[in-house]
Amino acid sequence: MEKDSREYTLTLERRCTYILRSAQLFIAMQAVSRLEAGNPAPDFTAADTSGKTIHLSDFRGKKIVLYFYPKDDTPGCTVEGCGLRDVYQKIRAAGAEVLGVSVDDVGSHKAFTEKYKLPFPLVADTDKRITENYGVYNEKWKMGRRVTFLIDEQGNIAKVFDPVKPDAHAKEVLDALKAQ
């Protein structure tokens, strides 16, 4: 009986060690894959609001405000989108373009854009590749988190806004563009 108890304890100890090491490896992998200022922005190909296929690299030579949001026509996403709409001309004057990304489809983006007169394209990430490549996909909720990447003219990430407060975000983006 005593031998069985020792074997069980050793087996349990090994399992705990394995679980702990697996968790440490997972955390380390997450830290490595997190995009930060100075990293190249992952390129992507997807349909925009109009159904046209765009690539992030199409915008090389311009600054990009690439904002990820959870879902079209929801309270926080509407506040954030309309805030960027309201300062859009100032963002353009600062030499930048705005692209919004969510996992919604083109039809949903089109309705959202028309309803709130958003002047910038929304990107349909229906296969979730963009949100995953940028590290903003929330597996539990099956949508992107609210994170914004300011991308420079060479295609590198200049600034990451995480977390984002929808009602203050447009001003933060504009201030960051002016500071560059």
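Let's start with empty space: the count of cavities of 30 Å³ or more comes to one. Keep in mind that the coordinates are a predicted model. The largest cavity has a volume of about 30 Å³. Its lining is formed by L56, F59, R60, K62, I64, I151, D152 and G155. By residue class, that lining divides into four nonpolar, one polar and three charged residues.

**The strands beside the cavity**

Several of the lining names come back when we turn to the strands. Strand β8 covers residues 147-151 and pairs with strand β9 (residues 157-161) in the antiparallel sense, over four bridges. Together β8 and β9 make a hairpin with five residues between them. In the turn sits G155, with a positive phi of about 90°, and G155 is also one of the residues lining the largest cavity.

Strand β8 has another partner too: strand β3 (residues 63-68) pairs with β8 over five bridges, again in the antiparallel sense. I151 appears in both pairings. The bridge partner of I64 in β8 is I151, while I151 stands opposite I157 in β9. Both I64 and I151 belong to the cavity lining. A further pair across the hairpin is L150, which stands opposite K159 in β9.

How many residues of β8 are buried? Five of the five are, so the strand is largely enclosed by the rest of the structure. The cover reaches both faces: V147, F149 and I151 are buried on one side, and T148 and L150 are buried on the other.

**A buried phenylalanine in α4**

Now to a helix residue. F112 lies in helix α4. Is F112 buried or exposed? Its relative accessibility is 2%, so F112 counts as buried, the cut-off for that class being under 20%. Leaving out residues up to four places away in sequence, F112 touches Y69, D72, D73, C77, T78, L118 and L122. One of these, D72, is 40 residues away along the chain, yet the C-alpha atoms of F112 and D72 are separated by 6.1 Å.

**Backbone details in the loops**

Two lysines have a positive phi although neither is a glycine. The table puts their values side by side.

| Residue | Phi | Loop | Relative accessibility |
|---|---|---|---|
| K117 | about 50° | between α4 (106-116) and β5 (122-124) | 65%, exposed |
| K128 | near 65° | between β5 and α5 (129-133) | 23%, partly exposed |

K117 counts as exposed because its relative accessibility is 65%, with the cut-off for exposed being over 50%. K128, at 23%, counts as partly exposed.

Another backbone feature follows the hairpin. The peptide bond from D162 to P163 is cis, with omega near 10°. P163 itself is placed in the loop between β9 and α6 (169-179).

**The chain as a whole**

Stepping back, the protein chain holds six helices and nine strands. Of its 180 residues, 39% are buried. Among contacts with a separation of 6 or more, 64% are between residues 24 or more positions apart; the F112 and D72 pair, 40 residues apart, has that kind of spacing along the chain. Finally, the accessible surface of the chain comes to about 10400 Å², and carbon and sulfur atoms account for 55% of that area.

Notes: Residues are numbered from 1 along each chain as its sequence is written. This is a predicted model: local features need pLDDT of at least 70, side-chain atom pairs count only at pLDDT 80 or more; totals for chains, interfaces and linings use all residues. Side-chain values use heavy atoms; hydrogens and water are left out. On a 1 Å grid over the protein atoms alone, a cavity is a set of points where a 1.4 Å probe fits but cannot get out, and a pocket is an open set with protein on both sides within 12 Å along at least five of seven lines; lining residues have an atom within 4 Å of a point. Grid points are joined across faces, edges and corners, and a volume is the space filled by probe spheres set on the points. Ala, Val, Leu, Ile, Met, Phe, Trp, Tyr, Cys and Pro count as nonpolar, Asp, Glu, Lys and Arg as charged, and the others, Gly among them, as polar. Two strands pair if DSSP finds at least two bridges between them. Helices (H or I, at least four residues) and strands (E, at least two) are DSSP runs, numbered from the N terminus. Buried means under 20% relative accessible area, exposed over 50%, partly exposed in between (1.4 Å probe, protein chains only). Contact means heavy atoms within 4.5 Å. Accessible areas come from the Shrake-Rupley method with a 1.4 Å probe; for residues, only the protein chains shown count as cover.
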